[in-house]
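Take a look at the model below. This report walks through it topic by topic, beginning with the ligand.

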Amino acid sequence: MSDLVLTDVGKSFPTQTEPLQILENVSLEMTRGQNLAILGPSGSGKSTLLQIAGTLDSPTSGSVELCGTNPFELDERALAAFRNKNIGFVFQDHHLLKQLSAVENVLIPRLAEGPTTAQDMDRAKSLLDQVGLGHRLDHRPSELSGGERQRVSIARALMNQPSLLLADEPTGNLDQANAELIGQLLIDVQQSAQPATMLMVVTHSPALAAGMQQTYQLKHRRLVKQTESQE
Ligand code: ADP
Ligand code: MG
C-alpha cells in the first residue's frame, strides 16, 4: 500500500474574473523509501503541488492521503501536529532562526511536542554529524556558509523522523559545487533514514533529477511521468 496518495488533485486560485486553474487531475503514489524529482517551468505550479503534498495548502478538488490519513479532514490544531510529526521541509532559502545555534535550529521541530530531552539533543547532534557539521553545533546561521545552512535545514527536516521529506529547489541558491553536494546529501540521508522516508524534490537541476528514482514534469497543469530508473 502506498504511503502518499494524491488522487485527481486540482488547485485553483480565485481572481477578480474567473478562477486561475493551476493544477488539474494530478495523481501520484509513493511508498516509504522512494524518491522523485518534479521538474517544470517557473510558474507551472511546482511549489503549489509541494505545498499541497505538505498539507500547507489544501486542494480545491481531489484528495490527499498520507500514511492512511486525510490531513484536510483534521482541525487546524491536529493538522499542525500531524504535519510536524510526519513531514520535513527543506526550502530554497534555509529559513533558519538567526538567533539560534545550529543544534538549536535542528531541535525546533521537537519544541512543539514539549520540552526537549537529552535524547533529542543527542539526535540533533548526530543529525548534524551526519550532514557534516558535527564540529559546528554552536554556530549561528550568520557564521555558516550557504551550503552549511542548507545542511542544517536538512538535519532539521529529519529531526522528527518524517515519513515525507519535501524539498523546494533546495539547491537553487547555491553554487554548482555546493548544489551537487547538497543534492547528493539529500538523497543519501533519505536513502539511509530509519524508519524509511519518501523524498519529493522540486528542482531545476537536471543533475539532481538524474539522481532520483523517478522524474516527473509539471506541464499544462498536469503531472507527467518522465523516466524511471532501471532497478
Ligand atoms: P512554480 O513553483 O512552478 O514556479 P507556483 O506553484 O509558485 O509555481 O505558482 C504557480 C502559479 O500559481 C503562478 O502563476 C502563481 O502566480 C500562482 N499562485 C501561486 N500561489 C497563489 C496564490 N496564493 N494566489 C494566486 N495565485 C497563486
Ligand atoms: Mg516554486
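Ten names make up the surroundings of ligand 1 in this predicted model. They are Phe13, Ile22, Pro41, Ser42, Gly43, Ser44, Gly45, Lys46, Ser47 and Thr48. By type, the shell divides into 3 nonpolar, 6 polar and 1 charged residue. Which element gives the largest share of the shell? Helix H1, residues 46-53, provides 3 residues.

Oxygen atoms of ligand 1 pair with polar atoms of the protein, as in the cases below.

| Residue | Part of the residue | Distance to an oxygen atom of ligand 1 |
|---|---|---|
| Glycine 43 | polar backbone atom | 2.7 Å |
| Glycine 45 | backbone N or O atom | 3.0 Å |
| Serine 47 | side-chain N or O atom | 2.9 Å |

On its own, ligand 1 has 560 Å² of accessible area, and the protein covers 58% of that.

Now pick one residue from this shell. Threonine 48 is one of the residues around ligand 1. Threonine 48 sits in helix H1. Is threonine 48 buried or exposed? Its relative accessible area is 15%, so threonine 48 is buried; the cut-off for buried is under 20%. Beyond its neighbours within four places in sequence, threonine 48 is in contact with Lys11, Phe13, Ile22 and Leu23. Two of these names, Phe13 and Ile22, also appear around ligand 1.

**The nonpolar cores**

Next comes the packing inside the protein. The largest nonpolar core has 35 residues. Which members touch the most others? They are Val106, Leu128, Val131, Val152 and Ile154. Several elements give two or more residues to this core: strand E3 (35-39), helix H3 (102-111), helix H4 (118-130), helix H5 (146-158), E6, H6, E7 and helix H7 (206-210). The largest share is that of H6, with 6 residues. Another core lies apart from this one. That other core has 27 residues, including Ile38, Ile52, Tyr216 and Leu223.

Valine 152 gives a closer view of the largest core. Leaving out neighbours within four places in sequence, valine 152 is in contact with Leu96, Ala102, Asn105, Val106, Leu128, Leu133 and Leu144. Val106 and Leu128 are, like Val152, among the members that touch the most others.

Helix H3 deserves its own look. Which residues of H3 are buried? They are Ala102, Val103, Asn105, Val106, Leu107 and Pro109. These buried residues pack against helix H2 (76-86), H4 and H5. Ala102, Asn105 and Val106 are also in contact with valine 152.

**Backbone details**

Some places in the chain have backbone angles to note. Aspartate 8 has a positive phi of about 50°, although it is not a glycine. Aspartate 8 lies in strand E1, residues 4-13. Its relative accessibility is 38%, so aspartate 8 counts as partly exposed. How far apart are aspartate 8 and serine 27? In sequence, 19 residues separate them. In space, their C-alpha atoms are 5.1 Å apart. Serine 27 is also one of the contacts of aspartate 8. The others, beyond four places in sequence, are Asn25, Val26, Ser61 and Gly62.

Glutamate 169 also has a positive phi, near 50°, and is not a glycine. Its place is the loop between strand E6 (164-168) and H6. Is glutamate 169 buried or exposed? With a relative accessible area of 17%, glutamate 169 is buried.

Then there is a peptide bond to find. The bond from glutamine 194 to proline 195 is cis, with omega near -5°. Proline 195 is in the loop between helix H6 (176-192) and strand E7 (198-202).

**At the start of the chain**

Finally, turn to serine 2. Serine 2 belongs to the segment before E1. Its relative accessible area is 15%, so serine 2 is buried. Which side chain does the side chain of serine 2 meet in a polar contact? The partner is the side chain of glutamate 29, at 2.5 Å. Not counting residues up to four places away in sequence, serine 2 touches Glu29, Met30 and Thr31.

Technical notes: Residues are numbered from 1 along each chain as its sequence is written. Chains are lettered from A and ligands numbered from 1 in the order in which they are written. This is a predicted model: local features need pLDDT of at least 70, side-chain atom pairs count only at pLDDT 80 or more; totals for chains, interfaces and linings use all residues. Side-chain values use heavy atoms; hydrogens and water are left out. A residue is near a molecule or strand if one of its heavy atoms lies within 4 Å of it. A polar contact is a pair of N or O atoms within 3.5 Å; within protein, one must be able to donate a hydrogen and the other to accept it, and residues adjacent in sequence count only if both atoms are side-chain atoms. Accessible areas come from the Shrake-Rupley method with a 1.4 Å probe; for residues, only the protein chains shown count as cover. Helices (H or I, at least four residues) and strands (E, at least two) are DSSP runs, numbered from the N terminus. Ala, Val, Leu, Ile, Met, Phe, Trp, Tyr, Cys and Pro count as nonpolar, Asp, Glu, Lys and Arg as charged, and the others, Gly among them, as polar. Buried means under 20% relative accessible area, exposed over 50%, partly exposed in between (1.4 Å probe, protein chains only). A nonpolar core is a set of buried Ala, Val, Leu, Ile, Met, Phe, Trp, Tyr and Cys residues joined through side-chain atoms within 4.5 Å. Contact means heavy atoms within 4.5 Å.
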